[in-house]
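Work through these short exercises with the structure open. Each task comes with a worked solution.

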Amino acid sequence: MLFKPLPDPNNFDVLRRYLWSAETIVVHDRTNIAFYRRHTAPLSLKIVRSGTESFKVHGFHEAVMPGQYLVVNADQPYESAIDAYDPVETMCVFFSQEEARDVFRLQLGDGELVDVPDADRLKFEFPAVKRDASREVSDLIDTIVTMRGAPILARQEFSARLLVALVEALEVDARLLGM
């Protein structure tokens, strides 16, 4: 897990390279105002630790507040906005493609791995609606900020644990899509 501040929404060169990495990235910052036009990104977990952040996914608006989260699938277009009097503490976890693939592979049984020759290129899809965090997911979300100074291996293990918890907590869409 790499930790970064919010990127400048008006610098398109930075935005193009900001999130696509072989490592899971956590964008954690506080701001009163930010607007990111319709874009795509890796599989991501959207969290707000204080205030409210609005997202538009599939034409629907979702206002995420503390105790809730939204998962946006890889390559799923969305936009986000913060416009508040008091600073909003926002956090987004952008999972690396490799990590998402590994976690998905864990969900497959041995028979499926043998019977599906392209199992490494399959991915799961989350419903793009905000959810109330379960106790387990909430505890993991609260732990994210403490991982900033942790050793690399501990951060990698934690991000995989977080993604597994999301898979288990959500009703994962049964459709398998090619990556």
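**Exercise 1.** Does Arg 49 count as buried, partly exposed or exposed? Then find its salt-bridge partners.

*Solution.* The model is predicted.
- Step 1: Partly exposed means between 20% and 50% relative accessible area. Arg 49 has 30% relative accessibility, so Arg 49 counts as partly exposed.
- Step 2: The side chain of Arg 49 forms a salt bridge with that of Asp 142 (4.0 Å, N to O). Arg 49 sits in strand 3 and Asp 142 in helix 4 (residues 135–144), so this pair ties together parts 93 residues apart in sequence.
- Step 3: Arg 49 also meets Glu 89 in a salt bridge (3.1 Å, N to O). Glu 89 lies in strand 7, so this pair links parts 40 residues apart in sequence.
- Step 4: Compare the partners. Glu 89 is buried at 9% relative accessibility; Asp 142 is partly exposed at 44%.

**Exercise 2.** Which salt bridge pairs Arg 135 with an Asp, and how far apart in helix 4 are the two residues?

*Solution.*
- Step 1: Arg 135 pairs with Asp 139 (3.8 Å, N to O).
- Step 2: The two are 4 residues apart in helix 4, so about one helical turn separates them.
- Step 3: Arg 135 is exposed at 64%, and Asp 139 is partly exposed at 35%.
- Step 4: Shared partners join Arg 30, Arg 49, Glu 89 and Asp 142 into one salt-bridge network.

**Exercise 3.** What is the geometry of the aromatic pair of Phe 55 and Tyr 78?

*Solution.*
- Step 1: The count is 1 aromatic pair.
- Step 2: Phe 55 and Tyr 78 are tilted, with 6.5 Å centre to centre and 45° between the planes.
- Step 3: Phe 55 is buried at 2%, as is Tyr 78 at 3%.

Definitions and conventions
Residues numbered from 1 in each chain as written. Predicted model: local features only at pLDDT ≥ 70, side-chain atom pairs only at ≥ 80, totals over all residues. Heavy atoms only, no water. Phe/Tyr/Trp six-rings, centres within 6.5 Å; stacked < 30°, edge-to-face > 60°. Buried < 20%, exposed > 50% of the residue type's maximum accessible area, 1.4 Å probe, protein only.
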